[in-house]
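Colleague: Hi! Could you walk me through this one before I head back to the bench?
Modeller: Happy to, let's have it on screen.
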Amino acid sequence: MAWTRKILRVNLTAGTCTEEPLNMEWAHKYLGQRGLATKYLVEEIDAKVDALAPGNKLIMATGPLTGTMAATGGRYSVITKSPLTGAIACSNSGGFIGNEIKNAGFDMIIFEGKSPKPVYLYLENEKAELLPADELWGKSVWEADHILHNRHQDPLLRIACVGRSAEQGCLYAGVVNDLHRAAGRSGVGTVMASKNLKAVAVRGTRGVGNVRDIKAFMQATQAAKAALAGNPVTGEGLPKMGTQVLMNVINEVGAMPTRNMREVQFEGANRISAEAMHIPRESDGKPNLTTNGACFGCTIACGRISTIDPKHYTIADKPQYKAASGGLEYEAAWALGSDTGVDDLDALTYANFLCNEDGFDPISFGATVAAAMELFEIGAITTEHTGGLEMRFGSAEALTRAAEMVAKGEGFGRDLALGSKRLCEKYGHPDLSMTVKGQEFPAYDPRGIQGMGLTYATSNRGACHLRSYTVSSEILGVPVKTDPLSTDGKPELVKAFQDATAAVDSSGLCVFTTFAWTLEDIAPQVDAACEGGWSPEKMLEAGERIWNLERKFNLDAGLTAKDDTLPKRLLKDAAKTGPAKGKVNELHKMLPHYYEIRGWTPEGVPTAETLNRLELYEQGP
Amino acid sequence: MHKALQLEPEKCTGCLQCEMACSYENEQAFNPSKSRIKVFNFHDEGRFAPYTCSQCSEAWCMHACPVEAIVINQKTGAKEVIEDVCVGCKVCTIACPFGTVNYNSDSGKVIKCDLCGGDPACATACPTGAITYVDADHTGLARMKAHASQTIPKA
């Protein structure tokens with residue numbers, strides 16, 4: 001079993017919380033978390049709904065392995081329609097809240113409608129109630145977390161919360177849990193705040209049991225943990241260096257997007273890298289990195305816990321930022337650093353703290369600042385717009401001030417809170433927005449890693465590396481090495497990664513395990529926990545079904561094949577340096593074949609045959 | 001020879017595999033809230049620390065129990081709660097100076113670490129070696145060795 005087989009439905013308009021049974025027929029087709037919640041969302045909302053209207057719903061969903069002893073089995077996802085992209089949004093987070101929801105007895109929580117006043121959900125096992133959040137509204141995530149722990153006199157309460165950025169309508173606000181883990185992308189926090197829902201505070205003591213075959217489960221999870229421990233990436237690289245292990249690697253291969261993706265290598269990379277985080281600083285003799293920390297059940301422990309140099313200008317008069325908290329992961333270090341040209345490690349760490357404290361996505365934020373810097377340098381934005389701030393590439397001051405303004409929704413921060421696409425449109429240069437479907441790029445330049453171009457163009461949630469991380473194959477050689485500068489075989493590679501990742505994201509496990517695991521390692525764990533015969537083939541098929549369901553939602557929402565593209569800069573302006581020098585992304589060589597192997601028409605629409613094969617014609621309950 | 005749990009907080013990442021292993025061993029469910037070992041997250045300092053019963057020789061809990069529900073397992077040296085005898089009076093939870101005996105409202109009895117009869121599940125589950133099960137008379141051996149290495153003159 002492993003599913004609790006119960007969902008909690010919270011109607012914010014009516015102020016009611018009701019339990020209902022999980023649709024097990026769907027669970028057997030969509031597994032859990034990303035897949036199953038997408039199925040619920042697709043069945044329950046009109047794809048054309050305004051993402052910030054009460055008609056949109058927001059689902060917090062765990063997977064069947066969430067809360068079990070499977071390594072990394074602590075994940076949960078937030079699924080909704082995105083205000084940033086107008087497409088499906090599904091943001092995955094670790095930390096401890098997913099396990100707590102499961103321990104309270106629920107596979108997922110569906111939020112619908114809009115509360116007339118700010119509220120938070122308090123969930124203690126089966127006791128669920130909406131409580132007034134007037135005192136929390138206008139507070140940061142960190143402040144609200146503190147207030148809630150005090151109010152309920154419960155140090156073990158787990159909290160997911162939106163920050164002031166979300167309250168102020170920042171289109172890339174996330175939902176932060178456990179102070180510094182986040183369902184960060186696509187504005188899922190913006191949707192939560194639009195419903196006047198400030199936080200979800202959970203305490204679960206029911207336990208996660210009912211594993212189908214506990215002996216087989218313990219054996220499978222034990223073997224899988226050994227594989228993680230023995231793998232150089234998950235056993236050594238990630239615990240020691242974090243995802244930041246990639247900074248120098250990706251810079252070397254010339255795929256490090258720099259200064260709003262004008263360049264593909266950053267001269268300051270080594271100053272903001274994992275290695276730099278280990279070097280003791282002059283002021284107090286301590287390195288930026290305090291320790292590594294794990295999410296629930298994770299035997300990798302890639303998380304960074306950092307401090308800012310106590311003498312740094314950003315915090316000299318702000319004692320609240322002198323404690324340790326969530327440090328730089330590769331994506332944040334890239335977006336806040338390389339993409340803005342800033343190589344001040346402490347400024348980046350400070351901006352990252354603010355992203356956590358007020359719940360906005362450091363990738364979208366950094367990339368939007370980068371776009372603003374380019375607009376400033378060409379004169380489209382001036383100090384009159386920015387309130388006197390010189391938004392120049394390389395300016396740590398511009399970056400940290402921008403973060404402070406977005407955090408609270410002040411001044412020029414309100415423009416930056418629109419995201420890169422709307423910012424560039426507003427100031428008359430839409431071509432300078434480095435986005436797909438309105439979502440900002442992550443840290444891999446598709447001129448230097450060709451498969452990532454197709455990954456970004458076809459990702460159901462807009463530009464994103466976590467939908468098919470072909471970097472794994474093209475750069476790291478996992479599971480097999482492919483040439484990053486060639487498009488050969490990339491449509492097949494991208495499809496395989498997309499389908500497998502959709503399955504992993506629906507299980508409760510972390511996608512980082514796939515540096516060491518394939519579905520051959522994951523399926524036995526799922527199968528031992530859940531009935532339904534979860535072979536690797538069945539998982540892959542579920543992944544393909546989920547991918548097509550997301551695609552169908554996006555098409556119904558009004559997106560078309562025209563949205564499966566990249567900014568002109570990546571298709572026309574060749575990389576200037578490094579191994580990819582002279583290359584653009586050759587999306588046109590990959591996309592038509594990708595549609596074909598997906599079983600889609602040349603217009604990118606799944607054929608009737610494909611939908612039938614994946615049983616996607618079924619109706620709702 | 002008795003063995004003891006050796007806790008090395010500097011190796012702990014806060015993953016809670018130990019809490020799941022403990023609760024599974026004792027409650028047949030993955031339920032950190034019912035774990036006999038707890039991991040504390042000192043967030044502002046960036047430190048984690050696992051903590052559980054150290055099996056005192058002259059155990060306060062055992063002496064305080066009015067119904068003699070806490071007894072010594074001669075094989076392991078663990079102080080074990082005899083569930084059938086325990087009346088849930090919680091005096092032991094007050095007597096323990098370390099807070100490692102706790103009440104379980106689901107069963108109406110107290111729970112504490114019993115070393116799993118000599119094969120502690122937490123130590124097996126710990127992925128970083130922060131919890132190990134070693135000779136009870138030499139829980140300091142690894143630290144002694146580390147310091148001893150500093151006494152060797154450098155070549």
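Modeller: One term before we start: a residue is called buried when its relative accessible area is under 20%, and exposed when that area is over 50%. Also keep in mind that this is a predicted model.

Colleague: Good. Is A:Gln33 buried or exposed, then?
Modeller: A:Gln33 has a relative accessible area of 0%, so this residue is buried.

Colleague: And where is A:Gln33 placed in chain A?
Modeller: A:Gln33 belongs to helix H2, which covers residues 33–44. The backbone there is worth a look: phi is near 40°, a positive value in a residue other than glycine.

Colleague: What about phi of B:Glu68?
Modeller: That one is positive too, near 55°, and again the residue is not glycine. B:Glu68 sits in the loop that runs between helix H2 (60–64) and strand E4 (70–72) of chain B. With a relative accessible area of 65%, B:Glu68 is exposed.

Colleague: While we're on backbones, which residues does the cis peptide bond join?
Modeller: A:Val478 and A:Pro479, with omega at about -5°. A:Pro479 is in the loop between helix H19 (471–474) and helix H20 (490–504) of chain A.

Colleague: New topic: the interface. How many residues are in contact between chain B and chain A?
Modeller: On chain B there are 21, and they contact 38 residues of chain A. The area buried between the two chains is about 2000 Å², and carbon and sulfur atoms give 62% of that. B:Gln17, B:Phe30 and B:His43 supply 30% of the area that chain B buries against chain A, more than any other three residues.

Colleague: Which helix of chain B gives the most to that side?
Modeller: Helix H1, residues 17–27, with four residues. By class, the side of chain B that touches chain A has 11 nonpolar, seven polar and three charged residues.

Colleague: How many salt bridges are there between chain B and chain A?
Modeller: Zero. The interface does have nine residue pairs in polar contact, with both residues of each pair at pLDDT 80 or more.

Colleague: And how many salt bridges over all chains?
Modeller: A search of the whole structure finds 52. One of the pairs is B:Lys34 with B:Asp106, whose closest N and O atoms are 3.4 Å apart. B:Lys34 lies in the loop between H1 and strand E2 (38–42), and B:Asp106 in the loop between strand E6 (102–104) and strand E7 (109–111), so the pair ties together parts of chain B that are 72 residues apart in sequence.

Colleague: Are those two partners buried or exposed?
Modeller: One of each: B:Lys34 counts as buried at 8% relative accessibility, whereas B:Asp106 is exposed at 55%.

Colleague: Got another pair in chain B?
Modeller: Yes, B:Arg36 and B:Glu27 meet in a salt bridge at 2.9 Å, N to O. B:Arg36 is buried at 12%, while B:Glu27 is partly exposed at 27%.

Colleague: And in chain A, where do A:Lys421 and A:Glu425 lie?
Modeller: Both are in helix H17 (residues 420–426), four residues apart, about one turn of the helix. Their salt bridge has its closest N and O atoms 3.8 Å apart. Chain A also has a network of salt bridges that links A:Arg9, A:Glu20, A:Glu44, A:Lys57 and A:Glu112.

Colleague: Last one: what ipTM does the predictor give the complex?
Modeller: An ipTM of 0.95, along with a pTM of 0.97. Chain B averages a pLDDT of 96, and 99% of the residues score at least 70.

Technical notes
Residues numbered from 1 in each chain as written. Chains lettered and ligands numbered in written order. Predicted model: local features only at pLDDT ≥ 70, side-chain atom pairs only at ≥ 80, totals over all residues. Heavy atoms only, no water. Helix = DSSP H or I, 4+ residues; strand = E, 2+ residues; numbered from the N terminus. Buried < 20%, exposed > 50% of the residue type's maximum accessible area, 1.4 Å probe, protein only. Contact = heavy atoms within 4.5 Å. Buried area = accessible area lost by both parts, 1.4 Å probe. Salt bridge = Lys/Arg side-chain N within 4 Å of Asp/Glu carboxyl O. Polar contact = N/O pair within 3.5 Å; in protein donor to acceptor, adjacent residues only side chain to side chain. Nonpolar A, V, L, I, M, F, W, Y, C, P; charged D, E, K, R; others polar. pLDDT = per-residue confidence, 0-100.
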